[in-house]
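Welcome! Please open the structure in your viewer and keep the selection tool handy, as we will go from the whole chain to single residues.

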Amino acid sequence: EPEYYKEEHKNIFRQMWSSSKTVFHNKQLLLLMIASLIMLAFGETAHNLKPIFFEFKNIPIEYFGLVFGVTFALSSLGHYLSYRIAEKIGDKLTLILSAITFPLFLFLSTLVGGFSSMALLVITSIPFGLRNPILGHLLNVEIESSKRATILSINNLLGRLGMAIGGPFIG
């Protein structure tokens with residue numbers, strides 16, 4: 001980290017205001033935060049609604065634990081592969097690929113029945129896992145050190161807001 005001037009005030013509202021101005025004046029940062037909001041809204045909401053979806057698709061409840069275990073394993077695989085894929089095709093293309101494949105597999109899972117729908121829905125966890133490390137890296141690159149914690153908190157808050165707003169539309 002390069003040296004930077006550290007403000008000595010303890011006014012949290014001044015820090016929040018300054019960080020918010022940074023977000024709104026940086027187009028790249030604003031786009032990353034909006035993308036994060038949308039992707040987290042759809043990804044987490046779809047994940048939380050899996051049991052209802054599987055019940056609708058007549059998948060026995062005995063498989064739910066296995067499905068969630070495989071889901072987390074594939075998400076971890078996406079996290080693990082994200083650096084290698086981003087090195088080969090670039091950060092932005094990896095995010096675009098993730099943003100396209102996630103809803104594609106989600107949509108395809110609604111068109112088929114039984115275990116095929118389960119497999120397609122579980123596969124969505126790979127692009128979900130791919131994008132999180134890349135988004136985190138790009139956000140860290142765009143944010144100066146003195147405002148990083150506050151802006152990442154704002155990003156997290158926006159993601160939760162996206163889940164609260166997106167949930168009723170998806171579910």
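This tour begins with the whole chain and then stops at several helices, a group of rings and a few single residues.

**Stop 1: the whole chain**

Begin with everything shown as a cartoon, and keep in mind that this is a predicted model. The chain has eight helices and zero strands, so its pattern along the sequence reads α-α-α-α-α-α-α-α. Turn the view around: along the principal axes, the C-alpha atoms fill a box of roughly 60 × 35 × 25 Å.

Now switch on the surface. The accessible surface comes to about 10600 Å², and 68% of that belongs to carbon and sulfur atoms. Of the 171 residues, 37% count as buried. How many of the contacts between residues at least 6 apart in sequence join residues at least 24 apart? The share is 79%.

**Stop 2: helix H2**

Select residues 27-48, which form helix H2. Its 22 residues reach 31 Å from the first C-alpha to the last, close to the 32 Å expected at 1.5 Å a residue.

Next, add Asn-26, which caps the N-terminal end of H2. A side-chain oxygen of Asn-26 lies 3.2 Å from the backbone nitrogen of Gln-28.

Colour the buried residues of H2, among them Leu-29, Leu-32, Met-33, Ser-36, Met-39 and Leu-40. An α-helix has 3.6 residues a turn, so residues three or four places apart point the same way. Further along H2, the buried residues include Gly-43, Glu-44, Thr-45, Ala-46 and His-47.

While you are in H2, click on Ala-35. Is Ala-35 buried or partly exposed? With a relative accessibility of 25%, Ala-35 counts as partly exposed, because that class runs between 20% and 50%. Draw a distance line from its C-alpha to that of Gly-159: the two atoms are separated by 9.4 Å, although the residues are 124 apart along the chain.

**Stop 3: the ring cluster**

A search of the whole structure finds three aromatic pairs. For one of them, select Phe-53 and Phe-54: the ring centres are 6.1 Å apart and the planes meet at 55°, so the pair is tilted. Phe-53 is buried at 17% relative accessibility, and Phe-54 is buried with a relative accessible area of 0%.

Now add Phe-64. Phe-54 and Phe-64 also form a tilted aromatic pair, with 5.8 Å from centre to centre and 55° between the planes. Because Phe-54 lies in helix H3 and Phe-64 in helix H4, this pair ties together parts that are ten residues apart in sequence. Phe-64 is buried as well as Phe-54. Show the three side chains together: ring pairs link Phe-53, Phe-54 and Phe-64 into a cluster.

**Stop 4: the loop between H3 and H4**

Select Asn-58, which sits in the loop between H3 and H4. Its phi is near 60°, a positive value in a residue other than glycine. Most residues other than glycine have a negative phi. Asn-58 is exposed, with a relative accessible area of 69%.

**Stop 5: helix H4**

Select residues 64-89 to bring up H4. At 1.5 Å a residue, its 26 residues should span 38 Å, and the end C-alpha atoms are 35 Å apart, which agrees. Where is the kink in H4 centred? Look at Leu-81: the kink there is about 45°.

Colour the buried residues of H4, including Val-67, Phe-68, Thr-71, Leu-74 and Gly-78. The buried residues of this helix pack against H2, H3, H5, H6 and H7.

Zoom in on Ser-75, also in H4. Ser-75 is buried, with a relative accessible area of 12%. Beyond its neighbours within four places in sequence, Ser-75 is in contact with Ser-125, Phe-128 and Gly-129. Then move to Gly-90, just after H4, where phi takes a positive value of about 100°.

**Stop 6: helix H6**

Finish by selecting residues 114-123, helix H6. Ser-117, Met-118, Leu-120, Leu-121 and Val-122 are buried in H6. Show the surrounding helices too: what covers these buried residues includes H3, H4, H5 and H7.

Notes
Residues are numbered from 1 along each chain as its sequence is written. This is a predicted model: local features need pLDDT of at least 70, side-chain atom pairs count only at pLDDT 80 or more; totals for chains, interfaces and linings use all residues. Side-chain values use heavy atoms; hydrogens and water are left out. Helices (H or I, at least four residues) and strands (E, at least two) are DSSP runs, numbered from the N terminus. The expected span of a helix is 1.5 Å times one less than its number of residues. Buried means under 20% relative accessible area, exposed over 50%, partly exposed in between (1.4 Å probe, protein chains only). A polar contact is a pair of N or O atoms within 3.5 Å; within protein, one must be able to donate a hydrogen and the other to accept it, and residues adjacent in sequence count only if both atoms are side-chain atoms. The bend at a residue is the angle between axes fitted to the seven residues ending there and the seven starting there. Contact means heavy atoms within 4.5 Å. Accessible areas come from the Shrake-Rupley method with a 1.4 Å probe; for residues, only the protein chains shown count as cover. Rings of Phe, Tyr and Trp (its six-membered ring) pair if their centres lie within 6.5 Å; planes under 30 degrees apart count as stacked, over 60 as edge-to-face and the rest as tilted.
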